[in-house]
Amino acid sequence: MAQAPIDRRLELLREVMSRERLAACIFPCTDPHTNTDIADHWKSLEWMSGFSGNVGTAVVTMTAAALWTDGHNMAKAKEQLQGTEYQVMCIDAPGTLAMVRWMGREIEASRHPYSDWSEVAIDGTCWPFGKVKQLINELRRENGITLRTNFDALRHLWTDRPPIPTNLIVRLSENLTEEPVHVHLERIRKALRTQHADGMLVAASKDIGWALNLYDGNSSIQAVRAAYLLISSRSATLFADRTRMSPDVLDYLKAEGVTVNDYAVVGTGLKNYFEYNILMDPEEANYSLYYLLKQYKPPTGHITQIIEEPSPVAALR
């Protein structure tokens, strides 16, 4: 990561916020796939604050900055943020001001000369949609603050940002495979039918690794990062760049009835989804994909209904 001082990064961020007329930006410790082991590309919290813990959320307003973490990470946060303007908040401690209340207070205190600025920005690709819906409601109660969900602030600032993971996706050895892929997919479809769902978007990396008997070549666990799996009643598509897979892996997936498409076109895949409904887990599927499908008006007139329920995959693996 670039080593520019944190205060300089805050200064640059506020220049962007000023141009966009934003009252605050929020940076979570997450990626689009709810991983705890986050690839460098999505370490926005660490780049923006210097904090490298595995639990945390930072908020930057035009006049203040704060980071919330848990008790296990407090000592690290205080050490790593020492000398910056960040306030460190312990989410476990009684009396700690909640993030939204803190934002409301700070935004109100800095109304002048930003009197009409009441929009907070996040990158919706890195937030589960259930949390975003909750955040929208909480902000609305704080003097009508609104949430902009399509703003990746670091796209303007992080000039040497690492790429989205491109490491190889590898097939699990047959002696480690309990069941073939097509059996896993049928088990998932059977579980979905009990939830009255025709299909689902699998976003969690571990669930994709289990479903397809694949793993990320640079990971110590069975998971496929930077990938989505779209399952319908009659098909399955893995959205992950084909360059990450050998011809053997591609042939293997094809034989198991799995199509491969690029990671970047998962939104198009959702638009082309043909079933009556689809399950999306509020704690796993990110807000940007949820909102895209929610707002999409297909030319056929058929609108896919979203079932907002927990994914059945974790219980199956």
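Helix α4 (99-109) is a good place to start: the cover over its buried residues includes β1 (24-28), β2 (57-61), β3 (65-69), β4 (86-90), β5 (119-121) and α5. The residues of α4 that end up buried (under 20% relative accessible area, with over 50% counted as exposed and anything in between as partly exposed, 1.4 Å probe, protein chains only) are M99, V100, W102, M103, G104, E106 and I107. Helices and strands here are DSSP runs numbered from the N terminus, with H or I over at least four residues for a helix and E over at least two for a strand. An α-helix has 3.6 residues a turn, so residues three or four places apart point the same way.

A word on the model: it is predicted, so local features need pLDDT of at least 70 and side-chain atom pairs count only at pLDDT 80 or more, while totals for chains, interfaces and linings use all residues. Residues are numbered from 1 along each chain as its sequence is written, and side-chain values use heavy atoms, with hydrogens and water left out.

Helix α4 turns up again in the largest pocket, where α4 and α5 (129-141) each supply at least two lining residues. The volume of this pocket is about 740 Å³. Its lining counts 26 residues, and P28, G56, T57, W127 and K131 are the closest to the centre. Helix α5 makes the largest contribution to that lining, at 4 residues. By class the lining splits into 14 nonpolar, 9 polar and 3 charged residues; Ala, Val, Leu, Ile, Met, Phe, Trp, Tyr, Cys and Pro count as nonpolar, Asp, Glu, Lys and Arg as charged, and the others, Gly among them, as polar.

As for the second largest pocket, its volume comes to about 360 Å³. Of its 17 lining residues, T125, I164, Y228, Y263 and A264 sit nearest the centre. Both α9 (266-271) and α10 (287-295) give at least two residues to this lining, and α10 gives the most, with 3. The split here is 9 nonpolar, 5 polar and 3 charged.

Closed-off space was searched for too, on a 1 Å grid over the protein atoms alone: a cavity is a set of points where a 1.4 Å probe fits but cannot get out, a pocket is an open set with protein on both sides within 12 Å along at least five of seven lines, and lining residues have an atom within 4 Å of a point. Grid points are joined across faces, edges and corners, and a volume is the space filled by probe spheres set on the points. The whole structure yields 2 cavities of 30 Å³ or more. The largest cavity holds about 120 Å³, and among its 16 lining residues F27, P28, S44, D123 and D152 are the closest to the centre. Strand β1 provides the largest share of that lining, 4 residues. In this cavity lining, 12 residues are nonpolar, 1 is polar and 3 are charged.

Elsewhere, N175 lies in the loop between β7 (169-171) and α6. With 69% relative accessibility, N175 is classed as exposed. From N175 to K131 the separation is 44 residues in sequence and 40 Å in space, C-alpha to C-alpha.

How values were computed:
Contact = heavy atoms within 4.5 Å.
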